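Biologist: Hi! I'm new to this one, could you show it to me and walk me through it?

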2 protein chains.
Amino acid sequence: MPTKTAAQRRALAKVSYDAFLAGCPSRQLLDRISDKWVALVLAALGGSGAPRSMRYSELSRQLAGVSQKMLTQTLRSLERDGLVTRTVTPTVPVTVAYQLTDLGLSLQDVMRRIKEWAEANMDEVLASRDEYDTRVA
Amino acid sequence: MPTKTAAQRRALAKVSYDAFLAGCPSRQLLDRISDKWVALVLAALGGSGAPRSMRYSELSRQLAGVSQKMLTQTLRSLERDGLVTRTVTPTVPVTVAYQLTDLGLSLQDVMRRIKEWAEANMDEVLASRDEYDTRVA
DNA sequence: CAGGATCCCGCTAGATACTG
DNA sequence: CAGTATCTAGCGGGATCCTG
């Protein structure tokens with residue numbers, strides 16, 4: 001059996017990822033990205049229309065109520081996974097800008113829709129909850 | 001100021017939902033649906049191609065490693081939010097079937113893409129993590 | 001400004017046992 | 001089969017304090 005190229009091995013591996021399987025890495029990746037803060041950070045960096053570079057404090061302001069810990073943690077995770085870049089400009093005080101990579105942009109396309117879905121269907125969900133609660137009660 | 005109809009009030013309220021705001025109900029809804037198990041349950045019920053009705057045990061088998069607690073909890077939440085229906089057939093033993101509502105189907109369209117994104121980009125993310133870890137280390 | 005480091009509470013998710 | 005009930009360990013996540 002001949003040695004395969006990296007591209008060949010990737011192609012083979014790719015079809016085998018299945019988040020329905022407990023041990024599959026994609027299950028863990030799904031868990032990471034299925035996150036409120038991930039959705040909101042990506043949506044913020046995606047901007048309305050064109051993606052934009054944002055500073056830490058800008059993000060902190062836009063994601064109302066996010067703690068520094070969660071924001072930093074989320075950004076680090078996104079950076080490590082190759083979804084955002086972190087650029088430090090050595091001004092005084094230091095300036096840090098975040099922006100989506102191409103990979104991040106592709107995920108943002110998907111995640112934005114979830115946020116939009118939640119906003120668009122809030123009333124229907126609220127109505128359903130009312131109905132459910134009275135029915136069960 | 002004249003009294004508004006329910007539809008008018010909904011139309012007004014709808015545009016005001018903004019998940020970036022901490023107190024907004026859509027923030028909490030976003031948090032609920034941004035969940036691994038929600039994504040997987042919806043993907044399972046969405047089927048490959050056509051949506052299908054599934055029994056509890058079928059779901060349990062397809063979502064490898066899910067605990068009964070989490071599956072039941074997730075299904076209840078989805079039912080309450082009007083995303084799935086739960087149908088009990090009084091056989092012995094009892095048969096319970098779950099299937100997507102129209103609302104659930106619309107969310108499934110979105111959520112399925114997340115699962116697919118995770119599976120499709122796993123290699124790239126893995127590579128990015130390797131690079132990040134060696135860079136930091 | 002953009003975090004790092006700690007402390008600590010609460011709730012969640014898993015494991016286990018039981019039931020109509 | 002399709003759950004409910006209970007217990008607990010663990011950790012997610014907020015609050016707080018500190019720093020280059």
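Modeller: Sure, let's go through the chain contact, the DNA strands, a pair of helices and some peptide bonds. Keep in mind that this is a predicted model.

Biologist: Good to know. How many residues does each chain put into the contact between chain A and chain B?

Modeller: Chain A brings 59 residues to the contact, and chain B brings 59 residues as well. About 5300 Å² is buried between the two chains, and carbon and sulfur atoms give 66% of that area.

Biologist: Which residues of chain A lose the most area to chain B?

Modeller: Those are A:Phe20, A:Arg80 and A:Trp117, which together make up 15% of what the chain A side buries.

Biologist: Let's switch to the DNA. Which residues come nearest to DNA strand C?

Modeller: There are 15 residues around DNA strand C, and the nearest are A:Arg55, A:Ser57, A:Arg86, A:Tyr98 and B:Lys69. Of the atoms of strand C that come within 4 Å of the protein, 76% belong to sugar and phosphate.

Biologist: And which parts of the chains supply that surface near strand C?

Modeller: α4 (56-62), α5 and β3 (95-100) of chain A, along with α5 of chain B, each supply at least two residues. α5(B) gives the most, with four residues. By class, the surface near strand C has six nonpolar, five polar and four charged residues.

Biologist: Which side chains have polar atoms by the phosphate oxygens of strand C?

Modeller: Here are three. A polar side-chain atom of A:Tyr98 is 2.6 Å from a phosphate oxygen of strand C, and one of A:Arg76 is 3.1 Å from a phosphate oxygen of that strand. From chain B, an N or O atom in the side chain of B:Gln73 lies 3.5 Å from a phosphate oxygen of strand C.

Biologist: OK, what about DNA strand D, which residues are closest there?

Modeller: Strand D is surrounded by 14 residues, and the closest are A:Lys69, A:Met70, B:Ser57, B:Arg86 and B:Tyr98. Sugar and phosphate make up 69% of the strand D atoms within 4 Å of the protein.

Biologist: What does the side chain of A:Lys69 come up against on strand D?

Modeller: A base nitrogen of strand D: an N or O atom of the A:Lys69 side chain is 2.4 Å from that nitrogen. With phosphate oxygens of strand D, B:Arg55 has a polar side-chain atom at 3.0 Å, and B:Arg76 has one at 3.2 Å.

Biologist: Which element gives the most to the surface near strand D?

Modeller: That is α5(B), with three residues. The surface near strand D divides into six nonpolar, four polar and four charged residues.

Biologist: α5(B) keeps coming up. At what angle do α3 and α5 of chain B cross?

Modeller: Roughly 75°, with the axes of α3 (residues 36-46) and α5 (residues 68-80) coming within 10 Å. That angle makes α3(B) roughly perpendicular to α5(B).

Biologist: Which residues meet there?

Modeller: B:Trp37, B:Val38, B:Val41 and B:Leu42 of α3(B) meet B:Met70, B:Leu71, B:Thr74, B:Leu75 and B:Leu78 of α5(B). Eight of the residues in this contact are nonpolar, one is polar and none is charged.

Biologist: Last topic: where are the cis peptide bonds you would point out?

Modeller: One joins A:Val92 and A:Pro93, with omega about 0°. Another joins B:Val92 and B:Pro93, again with omega about 0°. A:Pro93 sits in the loop between β2 (84-89) and β3 of chain A, and B:Pro93 is in the loop between β2 (84-89) and β3 of chain B. For background, most peptide bonds are trans.

Technical notes. Residues numbered from 1 in each chain as written. Chains lettered and ligands numbered in written order. Predicted model: local features only at pLDDT ≥ 70, side-chain atom pairs only at ≥ 80, totals over all residues. Heavy atoms only, no water. Axes fitted to C-alpha atoms, helices over the stretch in contact; angles between N-to-C directions. Parallel < 35°, antiparallel > 145°, perpendicular 65-115°, else oblique. Contact = heavy atoms within 4.5 Å. Nonpolar A, V, L, I, M, F, W, Y, C, P; charged D, E, K, R; others polar. Near = heavy atom within 4 Å. Polar contact = N/O pair within 3.5 Å; in protein donor to acceptor, adjacent residues only side chain to side chain. Buried area = accessible area lost by both parts, 1.4 Å probe.
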